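Hi everyone, thanks for coming. Today I'd like to walk you through one chain, and please keep the picture in view while I talk.

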Amino acid sequence: MTDGLPPTLEEIETIAHDTVEALPEAFRGPARTVAIRVEDFPSDDMLASLDIDSPFELTGLYEGIPLTEKSVFDQPGGPDVIWLFRRPILDEWADRGDVEIGALVAHIMVHELAHHFGWSDDDIASIDRWWE
């Protein structure tokens, strides 16, 4: 982030990759297999599939089969993907006003990785009280 400007798509992607590299070794390897995509907003199809009206309501999304559900019988259709959405992240950051953008992006990334590892939203919430 330069000159006080909000981070670019590329800078958010760098934070996400740095987050993966900072994970404990047991999680780092499997997390590296997940593709990271950063866009300004989720697609209309993504929003419709999740029954979300506003694109500002979705900061991140995991698309794939959690490791706890993968089978040798699964046909590979490409890598699992974590999507991060820059504009909703920036709005969340501005609304909160009390967290660094890097910490927010890292938290969203870890939340989406938790889905890759097979944790439900309830599991994540019981462990991670960050949003409170």
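**A walk through the helices**

Starting from the N terminus, the elements of this chain follow the order α-α-β-α-β-β-α-α-α. That gives six helices and three strands. Please keep in mind that what you see is a predicted model.

Here is a little background on the chain as a whole. It has 132 residues, and 36% of them count as buried. Now take the contacts between residues at least 6 apart in sequence: 65% of these join residues at least 24 apart.

Let's go to helix α4, which covers residues 86-96. Which of its residues are buried? They are R86, P88, I89 and L90. And what do these buried residues pack against? Their partners are α1 (9-21), β1 (35-39), β3 (81-85) and α5 (101-116).

Take R86 to begin with. You will find R86 in helix α4. Is R86 buried or exposed? Its relative accessible area is 15%, and the cut-off for buried is under 20%, so R86 is buried. Setting aside neighbours within four places in sequence, R86 is in contact with P6, P7, T8, L9, I12, E39 and D40.

Next comes P88, also placed in helix α4. With a relative accessible area of 1%, P88 is buried too. Not counting residues up to four places away in sequence, P88 touches D40, F41, P55, F56, L58 and T59. Look at D40 in that list: P88 and D40 are 48 residues apart in sequence, yet 7.8 Å apart in space, C-alpha to C-alpha.

Before we leave this helix, look just past its end. There, right after α4, G97 takes a positive phi of about 65°.

Now, how do α4 and α5 sit against each other? They pack at an angle of about 125°, with their axes 10 Å apart. Angles between 115 and 145 degrees fall in the oblique class, and therefore α4 and α5 are oblique to each other. Their crossing is right-handed. On the α4 side the contact uses I89, L90, E92 and W93, which meet I101, L104, V105 and I108 in α5. By type, the residues of this contact are seven nonpolar, no polar and one charged.

Helix α5 has another partner, α1. The axes of α1 and α5 come within 9 Å and cross at roughly 60°. That makes this pair oblique as well, because an angle from 35 to 65 degrees counts as such. Here too, α1 passes α5 in a right-handed crossing. From α1, the contact is made by I12, I15, A16, T19 and V20, and from α5 by G102, V105, A106, M109, V110 and L113. These residues divide into nine nonpolar, two polar and no charged.

My last stop is H115, which is in helix α5. Why does H115 count as buried? Because its relative accessibility is 18%. The side chain of H115 makes a polar contact with the side chain of H111, at 3.3 Å. A handy rule fits in here: an α-helix has 3.6 residues a turn, so residues three or four places apart point the same way. Leaving out residues up to four places away in sequence, H115 touches Y62, P66, S120, D121 and I124.

That's my tour, and I'm happy to go back to any part of the picture with you.

Technical notes
Residues numbered from 1 in each chain as written. Predicted model: local features only at pLDDT ≥ 70, side-chain atom pairs only at ≥ 80, totals over all residues. Heavy atoms only, no water. Buried < 20%, exposed > 50% of the residue type's maximum accessible area, 1.4 Å probe, protein only. Helix = DSSP H or I, 4+ residues; strand = E, 2+ residues; numbered from the N terminus. Contact = heavy atoms within 4.5 Å. Polar contact = N/O pair within 3.5 Å; in protein donor to acceptor, adjacent residues only side chain to side chain. Axes fitted to C-alpha atoms, helices over the stretch in contact; angles between N-to-C directions. Left-handed = near helix turned anticlockwise from the far one by under 90°. Nonpolar A, V, L, I, M, F, W, Y, C, P; charged D, E, K, R; others polar.
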